[in-house]
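Reader: Could you walk me through this one? I'd like the fold and the core.

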Amino acid sequence: MEILSANLLDLRKQRSLSRQMVADAIHISVRTYQRYENNEREPTAPVLVALADFYGVSIDYLTGRKGLCE
């Protein structure tokens, strides 16, 4: 999911965070997080929730999902 990868990278850079900082905060390996940013792997539902909570955004925002009314 390219939109997810791009959004993760943008959010992390906007907050001046390292991949290690994000990975530690949501309890995954830095390599796993790197794979999400590089669009090499998609997160499981619990990890997606943790990422949305960490960044303070919705899962819909992370995945680029638009509402039915838009």
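A few questions and answers on the fold and the core follow.

Author: Heads up: this is a predicted model, where local features need pLDDT of at least 70, side-chain atom pairs count only at pLDDT 80 or more, and totals for chains, interfaces and linings use all residues. Residues are numbered from 1 along each chain as its sequence is written, and side-chain values use heavy atoms, with hydrogens and water left out.

Reader: What pattern does the chain follow along the sequence?

Author: Helices (H or I, at least four residues) and strands (E, at least two) are DSSP runs, numbered from the N terminus. The chain has 5 helices and 0 strands. Read in order, that gives α-α-α-α-α.

Reader: How much of the chain is buried?

Author: Buried here means under 20% relative accessible area, using a 1.4 Å probe and protein chains only. Out of 70 residues, the buried share is 33%.

Reader: Which helix gives the largest share of the largest nonpolar core?

Author: A nonpolar core is a set of buried Ala, Val, Leu, Ile, Met, Phe, Trp, Tyr and Cys residues joined through side-chain atoms within 4.5 Å. The largest one has 16 residues, and Leu-8, Tyr-36 and Leu-62 are among those touching the most other members. Helices H1 (2-14), H2 (19-26), H3 (30-37) and H4 (45-55) each give two or more residues. The largest share, 5 residues, comes from H4.

Reader: Which residues does Leu-62 contact, leaving aside neighbours within four places in sequence?

Author: Contact means heavy atoms within 4.5 Å. With those neighbours set aside, Leu-62 is in contact with Ile-3, Leu-4, Asn-7, Leu-8, Leu-11, Leu-48, Leu-51, Ala-52 and Val-57.

Key:
Buried < 20%, exposed > 50% of the residue type's maximum accessible area, 1.4 Å probe, protein only.
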